[in-house]
Amino acid sequence: MIKMYGIKNCDTIKKAQKFLINHQIDFEFIDFRDNPIDKTKLQTFVDKLTLEKLINKRSTTYRNLNDKEKDNITLELVLKNPTLIKRPVLVTNNDIMVGFSKKSYSKLC
């Protein structure tokens, strides 16, 4: 089962969900705000993607961090501010993808 992590009011999440639904791909959506991500799961994402690729530097949350926090993003900081995570995070049986692109999602069809 594919799992999609994000927040429900995110436009990119909505595009990704629409793509999966239109292509009849089953998935489970996990909202970071309703079901906070745990440290073990976050570490799995970081191990696969790197923290640099996982962080959304265009987000309001990131822009509101002070310079010290921006220079030293930790798992704890991300756990306190899950909207720092680029969305969606899509977990399949053998891969983790971040962000949405039709090209990469087409590989799921």
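Helix α1, residues 11-22, lies across three strands: β1 (2-6), β2 and β3. Its direction runs at about 165 degrees to that of β1. This is a predicted model. The strands belong to an open sheet of four, and a second helix, α2, packs on that sheet too. The largest pocket has a volume of about 150 Å³.

**The helices**
- Helix α2 spans residues 39-49 and touches β1, β3 and β4.
- The direction of α2 makes about 85 degrees with that of β4.

**The sheet**
- Strands of a sheet pair through backbone hydrogen bonds, in either a parallel or an antiparallel way.
- Here the strand order is β2-β1-β3-β4, and the pairing is mixed.
- Strands β2 (27-31) and β4 (96-98) stand at the edges. Each has a single partner strand, so one side of each is left without a neighbour in the sheet.
- On average, neighbouring strands are turned by 20 degrees against each other, direction ignored.

**The β3-β4 pair**
- Strand β3 covers residues 89-91 and pairs with β4 in the antiparallel sense.
- Three bridges join β3 and β4.
- Val 91 stands opposite Ile 96, a residue of β4.

**The largest pocket**
- The lining of the largest pocket consists of Cys 10, Thr 12, Asn 56, Arg 58, Lys 86, Arg 87, Gly 99 and Phe 100.
- Sorted by class, this lining holds three charged, three polar and two nonpolar residues.

Technical notes: Residues are numbered from 1 along each chain as its sequence is written. This is a predicted model: local features need pLDDT of at least 70, side-chain atom pairs count only at pLDDT 80 or more; totals for chains, interfaces and linings use all residues. Side-chain values use heavy atoms; hydrogens and water are left out. Two strands pair if DSSP finds at least two bridges between them. Helices (H or I, at least four residues) and strands (E, at least two) are DSSP runs, numbered from the N terminus. Axes are lines fitted to C-alpha atoms, for helices over the stretch in contact, and angles run from 0 to 180 degrees between N-to-C directions. Contact means heavy atoms within 4.5 Å. On a 1 Å grid over the protein atoms alone, a cavity is a set of points where a 1.4 Å probe fits but cannot get out, and a pocket is an open set with protein on both sides within 12 Å along at least five of seven lines; lining residues have an atom within 4 Å of a point. Grid points are joined across faces, edges and corners, and a volume is the space filled by probe spheres set on the points. Ala, Val, Leu, Ile, Met, Phe, Trp, Tyr, Cys and Pro count as nonpolar, Asp, Glu, Lys and Arg as charged, and the others, Gly among them, as polar.
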